[in-house]
Amino acid sequence: MAADHTHSAPSAPPRVRRILVMTVVPLFVATMLAAALLWPRGGSPQTDGGADVPRYPGTVTQVVSEPCPPTPSVPEGTPRVGDGRCGTVDVRVDDGPTAGKQVRTPVPDGPGAPRVEVGDEVILVELADPTDPTTSNWNIAEHQRGTPMVWLAVVFAAAIVAFGRWRGLAALAGLAASFAILLTFVLPGIGAGRSPLLVAVVGAALIMFVVLYLTHGVTAQTSVAVLGTLGSLVLTGVLATIATAATHLTGFGSEDATTLSMFQGDVDLHGLLLAGIIIGSLGVLDDVTVTQAATVTELANANPGLTRLQLYRAATRVGRAHIASTVNTIVLAYAGASLPLLLLLTADARPIGQILTSEFLAQEIVRSAVATLGLIAAVPLTTGLAAVVAAAGRSDAPPSTDAPSPRPQPDRTEALAALSSPRTTGSDEPDRTRTTPPSEATDRWPESNRSTDTAW
């Protein structure tokens with residue numbers, strides 16, 4: 001998958017390749033065996049999520065707004081719910097057993113209710129009347145988002161392929177493989193009651209092997225990135241276990257986790273928190289380890305005279321700059337995903353110390369800190385491995401016969417003498433400033449049509 005490169009890095013010598021194969025292949029086999037043992041069997045677990053409400057696509061044909069009836073007085077300070085939108089909406093059912101039927105629904109109202117206009121494509125739900133099962137009530141649940149999301153996905157894929165070419169196409173294939181592993185192994189495995197931490201580590205290792213080798217090719221450089229990523233993942237898992245135990249986090253730090261515990265009581269929410277830290281760290285770890293392995297390889301190719309220590313120090317300087325920006329990326333990513341929670345906490349009247357140590361916020365702080373520590377550890381680990389491989393490859397490589405011959409060094413005395421002697425004037429009159437006899441000057445200067453590039 002490296003066809004887009006104008007020049008490829010020299011392949012590693014046989015001894016280096018053998019060492020990498022003897023290291024990576026057993027780890028891959030162990031990952032596959034662990035995945036086979038942890039693979040969920042017996043179908044999806046049954047949940048208490050209630051009956052499935054029928055949902056049908058429809059198109060809004062008419063909207064009639066009406067003034068809302070007066071509401072009884074409420075105590076002062078009671079927060080308002082919704083904005084008092086009243087009326088009816090006529091919708092044509094586009095699919096299902098009642099396709100083509102015109103149904104009437106109330107105007108959606110309440111927190112998060114969609115605003116609809118004529119021509120909008122919406123999702124209808126059919127609810128049976130508890131007092132009369134033969135009568136159904138229709139309501140608008142949400143807008144249809146399929147078409148805009150498909151176009152967004154097409155633009156996303158086209159941009160990646162247009163810029164990355166074959167490498168971009170491989171990246172899309174790796175993205176699809178990541179989602180496939182998450183949806184077929186990680187999530188069903190956790191839902192089946194397996195250890196979330198163990199499932200997350202094995203699933204992350206599977207994603208790492210597939211994505212890195214598919215995107216960057218089966219090379220020594222990729223193998224170094226794989227080893228660095230795997231080592232950092234294990235370290236991140238250990239640090240996450242210690243940190244969550246020391247801070248006594250239970251995993252009930254969000255409303256989603258609490259709701260999940262109601263529907264699937266056998267899920268270990270503490271382990272689910274650890275699994276989220278592992279999966280969330282994988283993407284950033286891949287970025288750092290691939291960058292560090294590539295940096296060491298390019299430095300070694302650009303300057304074969306660098307020693308192993310010099311390679312490590314030079315690439316580590318690049319890694320420091322990368323980490324400095326990535327740490328901010330991790331924190332902002334978690335903050336952006338938790339803006340409603342942060343906004344809610346800013347309105348809390350408790351002291352700042354109590355807010356920071358609450359279960360809700362402490363969970364995000366631990367998540368960010370552990371991910372950052374694993375990321376920092378990935379730089380020296382991957383850089384050291386890459387420096388060892390690059391130095392070993394250079395020492396084992398046979399001398400190249402295509403290397404250009406060294407440029408001849410000019411004689412210092414002759415160069416100074418040539419600079420101090422003036423050129424001939426090119427006329428018949430003698431040069432009065434000449435101090436050197438013409439015969440000597442002619443012997444010292446080369447002919448006018450002869451290049452002096454080689455001598456210099």
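Is Arg92 buried, exposed or partly exposed, and what is its relative accessibility? Arg92 counts as partly exposed, at 32% relative accessibility (buried is under 20% relative accessible area, exposed over 50%, partly exposed in between, with a 1.4 Å probe and protein chains only). This is a predicted model, where local features need pLDDT of at least 70, side-chain atom pairs count only at pLDDT 80 or more, and totals for chains, interfaces and linings use all residues. Residues are numbered from 1 along each chain as its sequence is written, and side-chain values use heavy atoms, leaving out hydrogens and water.

**View A. Arg92 and Asp94 pair up in a salt bridge.** The N to O distance here is 3.4 Å (a salt bridge needs a side-chain nitrogen of Lys or Arg within 4 Å of a carboxyl oxygen of Asp or Glu). Like its partner, Asp94 is partly exposed, at 34%.

**View B. Arg104 reaches Asp90 through another salt bridge.** Their closest N and O atoms sit 2.8 Å apart. Arg104 belongs to strand S3 (residues 102-106) and Asp90 to strand S2 (residues 86-93), 14 residues apart (strands are DSSP E runs of at least two residues, helices H or I runs of at least four, numbered from the N terminus). Arg104 is exposed at 55%, while Asp90 is buried at 12%.

**View C. Arg55, Glu142 and Arg145 share a salt-bridge network.** Glu142 and Arg145 meet at 2.9 Å, N to O. Glu142 is partly exposed at 27%, and so is Arg145 at 45%.

**View D. Ser178 is tucked into helix H3 (residues 166-191).** Ser178 is buried, at 14%. Beyond neighbours within four places in sequence, Ser178 contacts Ile207 and Val211 (heavy atoms within 4.5 Å).
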